[in-house]
Every structure is written in structure tokens, then in C-alpha cells.
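Reader: I'm new to reading protein models, and I'd love a close look at how two neighbouring helices cross. Could you take me through one crossing slowly, and then show me what lies around it?

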Amino acid sequence: MTAAHPHVPVLLYEVLDNLVLPPAARILDLTLGLGGHAEALLARCDADSRYLGVDRDPEAREAAKARLGSDARLNILAGAYEEVWGEHAFEAWCALQAPHGFDAILMDLGVSTLQLKSPARGFSFRDEGPLDMRMNTEDGPTALQWIEAQTDTTLADAIYQFGEERASRPIARAILRAFQEGRLHTTSDLAEAVHSVLPMTAALRRQHRSDTATRTFQAIRIAVNGELVRLAESLEKAIQHLRPGGRLAVISFHSLEDRIVKQTLRRLSGIYDGPGRESPVPLPKIVRLIHAGGIPPSDAECQSNPPSRSARLRVAERIS
Ligand SMILES: C[S@@+](CC[C@H](N)C(=O)[O-])C[C@H]1O[C@@H](n2cnc3c(N)ncnc32)[C@H](O)[C@@H]1O
């Protein structure tokens, strides 16, 4: 964390209240980020505790190392939470340090302040930057390369599916037209293409409405990083790595993410959400839900840290 990138962990007190940290606690943080939650959790742990932090973003790992690297209880691992299971370094750490499973697992989904506020990362339309948007800057196509590979239809579908944007079709056409005419290089160019369809009017600004490009940027970011692709599977894997009585805390930032978290945790708690009254097959009850409706940030947090407004924390405890 630097003065240029102030970072406030979201729902911090709610996470601390809901994760149970026994002596010699074993904690897995699958989205270490800048280590904000990690710092607060480690402050509550004794000297025999161990904390494994995973992040796919090399810059985030460096920032967390600079902040917490001197804490011998912490190990930092490069990787994506959907891929880490079964990887040698991860399994070796678990076998050695957490053979009975974890007491607490945290997933604080989405982008970090560092990513959003660094123009060079290309996540935000507020400052001009290259159209990158990759969380792992060492792998995969940039947002511009991803856009280049789309057709009107596939781009519109992604903007609709991941941004819930009703004007997805004209926006997709405007973006691809800008690309074909050599006018799409930066985040400002992308925002301009969206604004040509949905202008950010003075009236919208006066009403402090979100920028009309927000949903399109969210959609392209989710597509570029494959953010929702294996989330349900990763939640199940995380639960398998909890010891009985251990808890998983997941913070999501938009309704698409939260729906997957909610449905997966409900299913694993034996609740049937499908059509009809009863599940065609009995659902195993592996977890119990703590606060069935999820926990939103307090009014005070929404005021002091506006990006937290859309956050929701869901917590599940492994029972078998
Ligand atoms: C909201 S931030 C976490 C902030 C962190 N809890 C803190 O207090 O500093 C989300 C982090 O998760 C990382 N991330 C997102 N998706 C990931 C994935 N699939 N695997 C691993 N890390 C991921 C991002 O790179 C980012 O650093």
C-alpha cells in the first residue's frame, strides 16, 4: 500500500468477527491482494499460526510482501484460486503446515485498489491507460487483444452477460467500429466508444450516477480474466480444504458473482433451489450457512469507503 494507492480492506470487522481463529490457526487467503485482510487476521493470530496467501497478480504479491514480508508466519504463492488445487507447491504446503485442513479461508473477489487505480493496468476509464485489464500481467490476452478476437455478437453477448448492460448490441458495434478505424488503443478510447451510445450527460453527473461505461468495463474485465468461469468449483475445493468447524468467508462485489456464491453455498448446505419443491436427489449437507442472507457493509463503511457499497460477505462453516 502506498499513499497513491490507499487500500481499505472491505468488510474487515465482519470478516474478523466471522472467522474463528484458534491457537496455531491455519489460514488460507486465496486473494491476498495488498494484504489488508491478512495483516488484520495475522494480528489476531498467535506465533504458531500459519498464513498462506495466494494471488495471481505479481504486483499485488510484491505489495503484500513489502507490507508483511517480515512476518515469518506468512507464505505467499503465485497462482489463480481455480488452478492452485493439486499444484505441487500448494499441496506440499498444505501437507506440511495444514494436514488437518484450514481453520479459515478467505476469498475477497474481484479487483484490488492497486489494480483499479493504476492507469498502466488499464482497468479504469477514470485515468487513461493501455487496454490491458489482466490481473496476471504475465499471461493471457490483454483487453485489446481480446476485443480484437470478438465479433459483434460475441462482444455484445459478453457485455450483456457480464455487465448486465441492456445496450450491449449498439455498444459492441461502436467498440468494434472504433477498433477497425484504428481509434481503440486506451481506456479513454473504450469509454468514448461506450459514451457514443450512452452519453454521460450533465444530468447524470449532477445526480452522481455511475458512469455509463462502468458496466461495459466490468464485463470486459470479467471476460479477459475468466473471473466467473470456475468460481463455483473453486468454492467447493475451498470447502474441501476446511477442517470440520472451519469457515469460508467470501466477499463478492457484484450480483453475478454473489449469485454464484449464494447458490453454491446453499447447495452445499443441502438447500434445493431448483424448480419444484424437492431435489430429485438428496443433497449432501457439507456446510452450514452463517447469516443466510449474507452481510452487507455498514452505512458507516459505505460512507467512508464508497467502493464497498456493492460488497456482500457470505460465510459457511464446514460440518462434515
Ligand atoms: C479485492 S482484492 C483483495 C484485497 C485483499 N483482501 C486485501 O485486503 O488487500 C482481490 C485480489 O484477488 C486477486 N484475484 C482475483 N482473482 C483471482 C484468482 N482467480 N486467483 C487468485 N487471485 C485472484 C486480484 O489479483 C486481487 O489482488
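Is the crossing of H8 and H9 right-handed or left-handed?

Author: Happy to! Please keep in mind that this is a predicted model. The crossing of H8 and H9 is right-handed. To find the second helix in your view, look for residues 187-195, which make up H9. The axes of the two helices come within 8 Å and cross at roughly 135°. An angle over 145 degrees would count as roughly antiparallel, and 65 to 115 as roughly perpendicular. H8 and H9 are therefore oblique to each other.

Now let's look at the side chains. From H8, the residues that take part are Ile171, Ala174, Ile175 and Ala178. They meet Asp189, Leu190, Ala193 and Val194 in H9. Sorted by class, this contact holds seven nonpolar residues, no polar ones and one charged residue.

H8 also has a partner in H7, so to speak, and that contact is worth a visit. H7 covers residues 152-163 and H8 covers residues 168-180. Their axes are 8 Å apart, and the helices pack at an angle of about 125°. H7 and H8 are therefore oblique to each other as well. The crossing of H7 and H8 is right-handed too. Here Asp152, Leu155, Ala156, Ile159 and Tyr160 in H7 meet a list of H8 residues that includes Ser168, Arg169, Ala172 and Leu176. In this contact, eight residues are nonpolar, one is polar and three are charged. If you compare the lists, you will find Ile171 and Ile175 of H8 in the contact with H7, and again in the contact with H9.

For another pair of helices, turn to H12 and H13. H12 spans residues 231-240, and it packs with H13 at an angle of about 45°, with the axes 9 Å apart. These two are therefore oblique to each other, and H12 passes H13 in a right-handed crossing. Leu231, Ala232, Leu235, Glu236 and Ile239 of H12 make the contact with Ile260, Val261, Thr264, Leu265 and Leu268 of H13. By class, that gives eight nonpolar residues, one polar and one charged.

From here we can step over to the sheet. Strands of a sheet pair through backbone hydrogen bonds, either parallel or antiparallel. In this model, seven strands form an open sheet with mixed pairing, in the order S3-S2-S1-S4-S5-S7-S6. S3 (74-78) and S6 (287-295) stand at the edges with a single partner strand each, so one side of each has no neighbour in the sheet. On average, neighbouring strands are turned by 15° against each other, direction ignored.

Inside the sheet, S1 (residues 26-29) and S2 run parallel and are joined by four bridges. Arg26 stands opposite Arg50 in S2. Helix H3 (residues 58-68) packs on the sheet, where it touches S2 and S3, and its direction makes about 170° with that of S3. H13, the helix you met beside H12, packs on the sheet as well. H13 covers residues 255-268 and touches S5 (242-252), S6 and S7 (312-318), and its direction makes about 20° with that of S7.

One last stop is the ligand. There are 20 residues around it, and Thr31, Gly33, Gly36, Asp57 and Asp108 come nearest. Helix H2 (36-43) and strand S2 (50-55) are the elements that give two or more residues to this shell. Its residues divide into seven nonpolar, eight polar and five charged.

Notes
Residues are numbered from 1 along each chain as its sequence is written. This is a predicted model: local features need pLDDT of at least 70, side-chain atom pairs count only at pLDDT 80 or more; totals for chains, interfaces and linings use all residues. A residue is near a molecule or strand if its C-beta atom, placed from the backbone, lies within 6 Å of it. Ala, Val, Leu, Ile, Met, Phe, Trp, Tyr, Cys and Pro count as nonpolar, Asp, Glu, Lys and Arg as charged, and the others, Gly among them, as polar. Axes are lines fitted to C-alpha atoms, for helices over the stretch in contact, and angles run from 0 to 180 degrees between N-to-C directions. Angles under 35 degrees count as roughly parallel, over 145 as roughly antiparallel, 65 to 115 as roughly perpendicular and the rest as oblique. A crossing is left-handed if the near helix is turned anticlockwise from the far one by less than a right angle, and right-handed if clockwise. Two residues are in contact if their C-beta atoms, placed from the backbone, lie within 7 Å. Two strands pair if DSSP finds at least two bridges between them.
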